Amino acid sequence: MFTADHLRFFLEVSRHGRLNEASRALGVDHTTVGRRITSLEKAAGQRLFDRTPAGWRLTEAGRRLVAYAETVESALVAAFEDQRSAVGSLTGSVRIAAPDGFGAFVLAPNLIGLRRTHPDLDVELVTATEHNSLNTREFDVAVTLEQPSPRLVSYRKLATYSLHLYATPEYLSLAPAITQLDDLREHTVIWYVSALLDVAPLRVLDTILADGRAQIQTNNITGHWLAARSSLGIAPLPNYIGDPDDTLVRVAAEHFAIERTYWVAIPRELTSLARVNAVNDFLDDTVADSPHLEQIHT
(Lines give C-alpha, C1' and ligand atoms only; values in the text may rest on other atoms or scores of the structure.)
Protein backbone atom coordinates (compact mmCIF):
# COMPACT_ATOMS: atom_id res chain seq x y z
CA MET A 1 0.00 0.00 0.00
CA PHE A 2 1.33 3.44 -0.85
CA THR A 3 0.31 6.93 0.18
CA ALA A 4 0.29 10.43 -1.31
CA ASP A 5 3.66 10.91 0.35
CA HIS A 6 5.11 8.16 -1.85
CA LEU A 7 3.83 10.07 -4.86
CA ARG A 8 5.60 13.20 -3.63
CA PHE A 9 8.91 11.32 -3.65
CA PHE A 10 8.08 9.84 -7.05
CA LEU A 11 7.39 13.28 -8.56
CA GLU A 12 10.62 14.80 -7.28
CA VAL A 13 12.70 11.97 -8.73
CA SER A 14 10.84 12.25 -12.06
CA ARG A 15 11.56 16.00 -12.16
CA HIS A 16 15.20 15.93 -11.10
CA GLY A 17 16.29 12.59 -12.57
CA ARG A 18 18.76 11.93 -9.75
CA LEU A 19 18.29 10.75 -6.18
CA ASN A 20 20.73 13.29 -4.72
CA GLU A 21 18.93 16.24 -6.32
CA ALA A 22 15.51 14.89 -5.36
CA SER A 23 16.66 14.33 -1.79
CA ARG A 24 17.83 17.94 -1.52
CA ALA A 25 14.47 19.17 -2.75
CA LEU A 26 12.67 16.92 -0.27
CA GLY A 27 14.99 17.65 2.65
CA VAL A 28 15.84 13.98 3.31
CA ASP A 29 18.80 11.72 2.56
CA HIS A 30 19.02 9.92 -0.77
CA THR A 31 18.66 6.46 0.75
CA THR A 32 15.22 7.43 2.06
CA VAL A 33 14.21 8.53 -1.41
CA GLY A 34 15.45 5.26 -2.87
CA ARG A 35 13.50 3.21 -0.32
CA ARG A 36 10.30 5.13 -1.04
CA ILE A 37 10.63 4.57 -4.78
CA THR A 38 11.33 0.86 -4.28
CA SER A 39 8.29 0.59 -2.02
CA LEU A 40 6.13 2.37 -4.58
CA GLU A 41 7.33 0.10 -7.38
CA LYS A 42 6.52 -2.98 -5.31
CA ALA A 43 3.04 -1.65 -4.60
CA ALA A 44 2.51 -0.80 -8.28
CA GLY A 45 3.82 -4.18 -9.37
CA GLN A 46 6.12 -2.74 -12.02
CA ARG A 47 9.26 -0.71 -12.48
CA LEU A 48 8.69 3.06 -12.66
CA PHE A 49 12.27 4.16 -13.38
CA ASP A 50 15.17 2.88 -15.42
CA ARG A 51 18.34 3.37 -13.37
CA THR A 52 21.07 4.52 -15.77
CA PRO A 53 24.51 6.13 -15.30
CA ALA A 54 23.01 9.35 -16.67
CA GLY A 55 20.21 9.35 -14.09
CA TRP A 56 16.82 7.85 -13.32
CA ARG A 57 14.53 7.84 -16.36
CA LEU A 58 10.79 7.21 -16.29
CA THR A 59 9.55 3.98 -17.79
CA GLU A 60 6.28 3.91 -19.73
CA ALA A 61 4.49 2.93 -16.53
CA GLY A 62 6.20 5.79 -14.73
CA ARG A 63 5.11 8.30 -17.37
CA ARG A 64 1.51 7.14 -17.00
CA LEU A 65 1.70 7.57 -13.23
CA VAL A 66 3.02 11.16 -13.46
CA ALA A 67 -0.35 12.59 -14.55
CA TYR A 68 -2.17 10.94 -11.63
CA ALA A 69 0.51 11.94 -9.16
CA GLU A 70 0.36 15.58 -10.29
CA THR A 71 -3.44 15.56 -9.90
CA VAL A 72 -3.06 14.42 -6.30
CA GLU A 73 -0.34 17.00 -5.69
CA SER A 74 -2.48 19.75 -7.19
CA ALA A 75 -5.41 18.88 -4.94
CA LEU A 76 -3.22 18.90 -1.83
CA VAL A 77 -1.57 22.21 -2.74
CA ALA A 78 -4.94 23.82 -3.46
CA ALA A 79 -6.37 22.57 -0.16
CA PHE A 80 -3.42 23.98 1.76
CA GLU A 81 -3.72 27.27 -0.09
CA ASP A 82 -7.42 27.50 0.77
CA GLN A 83 -6.67 27.04 4.46
CA ARG A 84 -4.00 29.75 4.50
CA SER A 85 -5.79 32.47 2.57
CA ALA A 86 -8.75 34.43 3.80
CA VAL A 87 -11.48 35.35 1.34
CA GLY A 88 -10.38 38.26 -0.85
CA SER A 89 -6.72 38.20 0.25
CA LEU A 90 -3.55 36.46 -0.88
CA THR A 91 -0.85 35.35 1.54
CA GLY A 92 2.22 33.18 1.44
CA SER A 93 4.91 33.50 -1.22
CA VAL A 94 5.24 33.14 -4.96
CA ARG A 95 8.46 32.60 -6.89
CA ILE A 96 8.85 34.06 -10.37
CA ALA A 97 11.74 32.87 -12.54
CA ALA A 98 12.68 35.02 -15.52
CA PRO A 99 15.57 35.78 -17.90
CA ASP A 100 17.86 38.41 -16.42
CA GLY A 101 16.89 41.18 -18.84
CA PHE A 102 13.13 40.71 -18.57
CA GLY A 103 13.30 40.19 -14.83
CA ALA A 104 15.50 43.20 -14.05
CA PHE A 105 14.25 45.72 -16.60
CA VAL A 106 10.57 44.80 -16.99
CA LEU A 107 9.31 42.91 -13.95
CA ALA A 108 11.26 44.44 -11.06
CA PRO A 109 10.26 48.07 -11.76
CA ASN A 110 6.60 47.04 -12.03
CA LEU A 111 6.30 44.83 -8.96
CA ILE A 112 4.93 47.80 -7.07
CA GLY A 113 1.55 47.20 -8.73
CA LEU A 114 1.42 43.58 -7.57
CA ARG A 115 2.56 44.64 -4.12
CA ARG A 116 -0.16 47.26 -3.78
CA THR A 117 -2.86 44.81 -4.83
CA HIS A 118 -1.61 41.97 -2.60
CA PRO A 119 0.41 43.48 0.27
CA ASP A 120 0.52 40.20 2.22
CA LEU A 121 1.97 38.20 -0.66
CA ASP A 122 5.74 37.73 -0.60
CA VAL A 123 7.33 37.76 -4.05
CA GLU A 124 10.62 36.06 -4.96
CA LEU A 125 12.02 37.16 -8.33
CA VAL A 126 14.82 34.86 -9.51
CA THR A 127 16.62 36.00 -12.66
CA ALA A 128 18.89 33.84 -14.77
CA THR A 129 19.35 33.13 -18.47
CA GLU A 130 20.01 29.42 -18.71
CA HIS A 131 18.55 26.40 -20.44
CA ASN A 132 17.87 24.23 -17.39
CA SER A 133 15.93 26.83 -15.37
CA LEU A 134 12.66 25.04 -16.19
CA ASN A 135 13.88 21.53 -15.53
CA THR A 136 14.31 22.10 -11.79
CA ARG A 137 10.70 23.33 -11.48
CA GLU A 138 11.77 25.44 -8.50
CA PHE A 139 9.32 28.20 -9.42
CA ASP A 140 5.62 28.99 -9.35
CA VAL A 141 5.61 31.00 -12.57
CA ALA A 142 8.45 31.18 -15.09
CA VAL A 143 9.10 33.41 -18.08
CA THR A 144 11.40 31.77 -20.59
CA LEU A 145 12.87 32.36 -24.04
CA GLU A 146 12.49 28.72 -25.02
CA GLN A 147 9.20 26.95 -25.65
CA PRO A 148 8.67 24.71 -22.61
CA SER A 149 7.99 21.00 -22.75
CA PRO A 150 4.28 20.24 -22.35
CA ARG A 151 5.22 17.22 -20.24
CA LEU A 152 6.56 19.45 -17.49
CA VAL A 153 4.32 22.49 -17.38
CA SER A 154 1.32 24.35 -18.70
CA TYR A 155 2.56 27.15 -20.96
CA ARG A 156 1.56 29.96 -23.30
CA LYS A 157 3.13 32.72 -25.35
CA LEU A 158 3.43 36.02 -23.50
CA ALA A 159 5.08 38.62 -25.73
CA THR A 160 7.65 39.32 -28.41
CA TYR A 161 10.50 41.82 -28.38
CA SER A 162 13.22 42.91 -30.79
CA LEU A 163 16.97 42.53 -30.37
CA HIS A 164 19.07 45.37 -31.89
CA LEU A 165 22.67 46.59 -31.77
CA TYR A 166 23.36 49.60 -29.53
CA ALA A 167 26.32 51.88 -28.78
CA THR A 168 26.93 55.43 -27.63
CA PRO A 169 27.47 58.24 -30.15
CA GLU A 170 30.81 58.85 -28.44
CA TYR A 171 31.99 55.30 -29.18
CA LEU A 172 30.79 55.47 -32.78
CA SER A 173 32.48 58.83 -33.39
CA LEU A 174 35.89 57.36 -32.53
CA ALA A 175 35.46 54.00 -34.28
CA PRO A 176 35.43 52.95 -37.96
CA ALA A 177 32.21 53.56 -39.85
CA ILE A 178 29.67 50.73 -40.07
CA THR A 179 27.89 50.26 -43.40
CA GLN A 180 27.40 46.49 -43.17
CA LEU A 181 27.56 43.83 -40.47
CA ASP A 182 30.97 42.64 -41.61
CA ASP A 183 32.35 46.02 -40.51
CA LEU A 184 31.78 44.92 -36.92
CA ARG A 185 35.05 42.99 -37.18
CA GLU A 186 36.77 46.31 -36.55
CA HIS A 187 34.71 46.96 -33.40
CA THR A 188 34.44 45.77 -29.82
CA VAL A 189 31.37 43.54 -29.53
CA ILE A 190 29.82 42.87 -26.10
CA TRP A 191 27.84 39.68 -25.46
CA TYR A 192 27.38 36.63 -23.24
CA VAL A 193 30.22 34.30 -22.25
CA SER A 194 30.00 31.86 -25.15
CA ALA A 195 31.02 28.81 -23.12
CA LEU A 196 28.18 29.45 -20.66
CA LEU A 197 25.44 30.37 -23.12
CA ASP A 198 23.10 27.40 -23.53
CA VAL A 199 19.90 29.23 -24.53
CA ALA A 200 19.38 28.65 -28.25
CA PRO A 201 17.39 31.86 -28.99
CA LEU A 202 20.34 33.94 -27.74
CA ARG A 203 22.98 32.34 -29.94
CA VAL A 204 22.91 35.25 -32.37
CA LEU A 205 26.55 36.23 -32.82
CA ASP A 206 26.93 33.97 -35.86
CA THR A 207 24.42 36.22 -37.62
CA ILE A 208 26.62 39.25 -36.81
CA LEU A 209 30.16 37.89 -37.14
CA ALA A 210 31.44 34.93 -39.11
CA ASP A 211 33.53 33.66 -36.19
CA GLY A 212 30.79 34.42 -33.63
CA ARG A 213 33.29 35.90 -31.17
CA ALA A 214 32.70 38.81 -28.81
CA GLN A 215 35.72 40.64 -27.42
CA ILE A 216 33.90 41.50 -24.17
CA GLN A 217 31.87 38.71 -22.60
CA THR A 218 29.77 38.75 -19.43
CA ASN A 219 27.03 36.38 -18.30
CA ASN A 220 24.50 39.10 -17.40
CA ILE A 221 22.64 41.44 -19.70
CA THR A 222 22.90 44.28 -17.19
CA GLY A 223 26.66 44.02 -17.76
CA HIS A 224 26.13 44.27 -21.52
CA TRP A 225 24.03 47.39 -21.08
CA LEU A 226 26.42 49.10 -18.67
CA ALA A 227 29.43 48.26 -20.83
CA ALA A 228 27.73 49.68 -23.93
CA ARG A 229 26.62 52.89 -22.25
CA SER A 230 30.16 53.42 -20.92
CA SER A 231 31.31 53.57 -24.59
CA LEU A 232 33.21 50.29 -24.37
CA GLY A 233 31.67 48.85 -27.53
CA ILE A 234 28.55 47.63 -29.31
CA ALA A 235 26.04 45.33 -27.61
CA PRO A 236 22.97 43.46 -28.86
CA LEU A 237 20.22 44.52 -26.44
CA PRO A 238 16.46 44.04 -26.22
CA ASN A 239 14.65 47.12 -27.48
CA TYR A 240 13.04 47.56 -24.05
CA ILE A 241 16.53 48.19 -22.64
CA GLY A 242 18.22 50.05 -25.48
CA ASP A 243 15.45 52.32 -26.80
CA PRO A 244 14.54 54.07 -23.50
CA ASP A 245 18.23 54.84 -22.81
CA ASP A 246 19.01 58.23 -24.36
CA THR A 247 22.77 57.57 -24.07
CA LEU A 248 22.48 54.80 -26.69
CA VAL A 249 21.62 54.72 -30.39
CA ARG A 250 20.82 51.81 -32.67
CA VAL A 251 23.67 50.60 -34.86
CA ALA A 252 23.22 49.14 -38.38
CA ALA A 253 19.48 49.07 -37.77
CA GLU A 254 18.73 48.20 -41.38
CA HIS A 255 20.99 45.12 -41.19
CA PHE A 256 20.29 43.66 -37.77
CA ALA A 257 16.93 43.15 -36.03
CA ILE A 258 15.92 39.83 -34.46
CA GLU A 259 12.51 39.06 -32.95
CA ARG A 260 12.30 36.78 -29.94
CA THR A 261 9.37 35.38 -27.93
CA TYR A 262 8.78 35.14 -24.19
CA TRP A 263 6.77 32.19 -22.87
CA VAL A 264 5.01 31.76 -19.53
CA ALA A 265 5.32 28.36 -17.86
CA ILE A 266 3.47 27.11 -14.78
CA PRO A 267 3.74 23.68 -13.13
CA ARG A 268 0.45 21.94 -13.85
CA GLU A 269 -0.30 21.31 -10.20
CA LEU A 270 -0.19 25.06 -9.50
CA THR A 271 -2.39 26.39 -12.29
CA SER A 272 -5.50 26.70 -10.12
CA LEU A 273 -3.84 28.61 -7.27
CA ALA A 274 -4.98 32.18 -6.68
CA ARG A 275 -1.47 33.52 -6.11
CA VAL A 276 -0.27 31.99 -9.37
CA ASN A 277 -3.22 33.43 -11.27
CA ALA A 278 -2.50 36.83 -9.71
CA VAL A 279 1.05 36.69 -11.10
CA ASN A 280 -0.31 35.59 -14.47
CA ASP A 281 -2.53 38.67 -14.55
CA PHE A 282 0.39 40.84 -13.42
CA LEU A 283 2.50 39.60 -16.33
CA ASP A 284 -0.23 40.39 -18.84
CA ASP A 285 -0.80 43.87 -17.38
CA THR A 286 2.94 44.62 -17.36
CA VAL A 287 3.38 43.59 -20.99
CA ALA A 288 0.27 45.52 -22.05
CA ASP A 289 1.67 48.69 -20.46
CA SER A 290 5.10 48.35 -22.10
CA PRO A 291 5.60 50.27 -25.37
CA HIS A 292 8.48 47.97 -26.32
CA LEU A 293 6.80 44.58 -25.94
CA GLU A 294 4.21 43.13 -28.30
CA GLN A 295 1.58 41.23 -26.32
CA ILE A 296 0.47 37.88 -27.69
CA HIS A 297 -3.20 37.07 -27.13
CA THR A 298 -3.99 33.37 -27.00
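**Exercise 1. Which element gives the most to the lining of the largest cavity, and with how many residues?**

The model is predicted, so local features need pLDDT of at least 70 and side-chain atom pairs count only at pLDDT 80 or more, while totals for chains, interfaces and linings use all residues. Residues are numbered from 1 along each chain as its sequence is written, and side-chain values use heavy atoms, with hydrogens and water left out.

Step 1. On a 1 Å grid over the protein atoms alone, a cavity is a set of points where a 1.4 Å probe fits but cannot get out, and lining residues have an atom within 4 Å of a point. A search of the whole structure with a threshold of 30 Å³ or more finds two cavities.

Step 2. The largest cavity holds about 60 Å³ of space, a volume being the space filled by probe spheres set on grid points that are joined across faces, edges and corners. Its lining comprises 15 residues, and those nearest its centre are Leu 145, Tyr 161, Tyr 192, Ile 221 and Tyr 262.

Step 3. Two or more lining residues come from each of α5 and β6 (153–167), where helices (H or I, at least four residues) and strands (E, at least two) are DSSP runs numbered from the N terminus. The element that gives the most is α5, with three residues.

**Exercise 2. Compare the expected span of helix α5 with the distance between its end C-alpha atoms, then locate its kink.**

Step 1. The expected span is 1.5 Å times one less than the number of residues. Because α5 (residues 100–117) has 18 residues, it should span 26 Å, and its end C-alpha atoms are 25 Å apart, which agrees.

Step 2. A kink of about 45° lies at Leu 107, shortly before the proline Pro 109; the bend is the angle between axes fitted to the seven residues ending at a residue and the seven starting there.

Step 3. Buried means under 20% relative accessible area (1.4 Å probe, protein chains only), with exposed over 50% and partly exposed in between. Leu 107 is among the buried residues of α5, which also include Phe 102, Val 106 and Leu 114.

**Exercise 3. Is Asn 239 buried or exposed, and which residues does it touch?**

Step 1. Asn 239 lies in helix α9 (residues 239–242). Its relative accessible area is 9%, and therefore Asn 239 is buried.

Step 2. Contact means heavy atoms within 4.5 Å. Leaving out residues up to four places away in sequence, Asn 239 touches Tyr 161, Ser 162, His 164, Tyr 166, Pro 244, Arg 250 and His 292.

Definitions and conventions
On a 1 Å grid over the protein atoms alone, a cavity is a set of points where a 1.4 Å probe fits but cannot get out, and a pocket is an open set with protein on both sides within 12 Å along at least five of seven lines; lining residues have an atom within 4 Å of a point.
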